Amino acid sequence: RHGVVKNEDTFKTSPFHFDLWFYFTLQNWVLDFGRPIAMIILPLEWFPLNKPSAGDYFHMAYNVITPFLLLKLIERSPKTLPRSMVYVSIIMFVMGASIHLVGDSVNHRLIFSGYQHHLSVRENPIIKNLKPETLIDSFELLYYYDEYLGHSMWYIPFFLILFIYFTGCFTPVEEESRMPVPALLLMGPSSLYYWYLVTEGQIFILYIFTFFAMMALVMHQKRKGLVLDSNGLFLFYSFIITLVLIAVWVVWLWNDKILRKKYPGVIYIPEPWAFYTLHMNNLHAAKESL
């Protein structure tokens, strides 16, 4: 009986989920990318440094809305997917995003005190002069929860859920392997957000492994006579464009000696906020001095 169910699932079709992909892209841009911007541009008097910032409330909304949209996306899959893995991934996602909320809130508030994201914790002028020196260890622990543990528990389940959904985006009908105009319009903003997610989150390895897994699955299913439907194409092409954007970003900043010092590994992918505190802050300061 289980085999019959799987065969039926294989031949189900699903139209392009414009509403879900639109809400998903919109809330990613507003609640994730927009949260540090809101924190910076809104008057500091509205959100004192010892209270949650506007960006923190954006992050809280993101932590509630995104899991809901991911669950809705899984529910619309034409294929029966492993529910237990999905639920565990959602739980891990919420835990990781919540850990990140605390660490990111403090780290971004430090910008107002002169913290520079293009420098390591111990190299920051406002950190290295702290007394006693054990306080520096505490800030490094905060950085670890924000940039490593929080990101891992947030992004690994996120990409896993997208890949699980992707496994159900195949159809034997060639005519359904095309994207409607709304999908083409959403592809640019979606790809640009994934570029921000990968570069700022420093998760290129996770992203590229997910992309390679997608490519392997596409080739495997092609041998069975199956092709991607409109939702699968949207996700797959968005990842391809993301890879191109990352390559352009790296080439552009390839000879930046300061960023090279902060990202000395084999994989050199600077964070956008590190670029901002290094170059854009200096630009603003220069304009104010004129």
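Is W29 buried, partly exposed or exposed? W29 is partly exposed, because its relative accessible area is 24%, and the limits for this class are 20% and 50%. The model described here is a predicted one.

## Helix α2 and its aromatic pair

Helix α2 covers residues 18-41. W29 and F33 both belong to helix α2 and are four residues apart, so about one helical turn separates them. Their rings form an edge-to-face aromatic pair. The centres are 4.9 Å apart, and the planes meet at 70 degrees. F33, like its partner, is partly exposed: its relative accessibility is 26%, and that of W29 is 24%.

V30 also has its place in helix α2. With a relative accessible area of 39%, V30 counts as partly exposed. On the surface, V30 joins F18, F22, Y23 and L26 in a nonpolar patch. Together these residues have about 450 Å² of accessible area.

## Other aromatic contacts

A pair of aromatic rings is described by the distance of the centres and the angle of the planes. The whole structure holds 37 aromatic pairs. One further pair is formed by F158 and F159, whose ring centres lie 5.5 Å apart. Their planes are at 85 degrees, and the pair is therefore edge-to-face, the class for angles over 60 degrees. F158 and F159 are both buried.

R260 takes part in contacts with two rings. R260 lies over the face of W254, at 4.1 Å from the ring centre. The charged end of R260 also sits over the ring of Y268, 4.1 Å from the centre of that ring.

## Salt bridges within helices

The whole structure has eight salt bridges. One of them joins the side chains of D32 and R35, with an N to O distance of 2.9 Å. D32 and R35 lie three residues apart in helix α2, about one turn of the helix. Both residues are buried.

A salt bridge also links the side chains of E75 and K72, where the N to O distance is 3.5 Å. These two residues lie in helix α3, which covers residues 54-75. They are three residues apart, about one turn of the helix. E75 is partly exposed, at 49% relative accessibility. K72 is partly exposed as well, with a relative accessible area of 33%.

## A link across the chain and a network

D137 forms a salt bridge with R122, and the closest N and O atoms are 2.6 Å apart. This pair links distant parts of the chain, with the two positions 15 residues apart in numbering. D137 is in helix α6 (residues 134-166). R122 is in the loop between α4 (83-109) and α5 (125-128). Relative accessibility is 39% for D137, which counts as partly exposed. R122 counts as partly exposed at 40%.

Salt bridges that share partners also join D32, R35 and D104 into one network.

## Membrane annotation in the record

An unreviewed UniProt entry lists residues 20-42, 57-74, 86-103, 154-173, 203-220 and 232-254 under "transmembrane region". In the model, residues 86-103 are 100% helix and 0% strand. The C-alpha atoms at the ends of residues 86-103 are 26 Å apart.

Residues 203-220 are 94% helix and 0% strand. The end C-alpha atoms of residues 203-220 lie 26 Å apart.

## Q202 and I258

Most residues other than glycine have a negative phi. The phi of Q202 is near 55 degrees, a positive value in a residue other than glycine. Q202 is in the loop between α7 (181-201) and α8 (204-223). With a relative accessible area of 34%, Q202 is partly exposed.

I258 lies in helix α10, which covers residues 257-262. At 43% relative accessibility, I258 counts as partly exposed. I258 and L119 are 139 residues apart in sequence, and their C-alpha atoms are 8.5 Å apart in space.

Notes. Residues are numbered from 1 along each chain as its sequence is written. This is a predicted model: local features need pLDDT of at least 70, side-chain atom pairs count only at pLDDT 80 or more; totals for chains, interfaces and linings use all residues. Side-chain values use heavy atoms; hydrogens and water are left out. Patches are made of residues with over 30% relative accessible area and no salt bridge: like charges are joined within 9 Å, nonpolar side chains (Val, Leu, Ile, Met, Phe, Trp, Tyr) within 5 Å. Accessible areas come from the Shrake-Rupley method with a 1.4 Å probe; for residues, only the protein chains shown count as cover. A salt bridge is a side-chain nitrogen of Lys or Arg within 4 Å of a carboxyl oxygen of Asp or Glu. Buried means under 20% relative accessible area, exposed over 50%, partly exposed in between (1.4 Å probe, protein chains only). UniProt positions are given in the numbering used here, feature names are shortened, and annotations may be inferred rather than shown by experiment. Rings of Phe, Tyr and Trp (its six-membered ring) pair if their centres lie within 6.5 Å; planes under 30 degrees apart count as stacked, over 60 as edge-to-face and the rest as tilted. A charge sits over a ring if NZ of Lys or CZ of Arg is within 6 Å of the ring centre and within 35 degrees of the ring normal.
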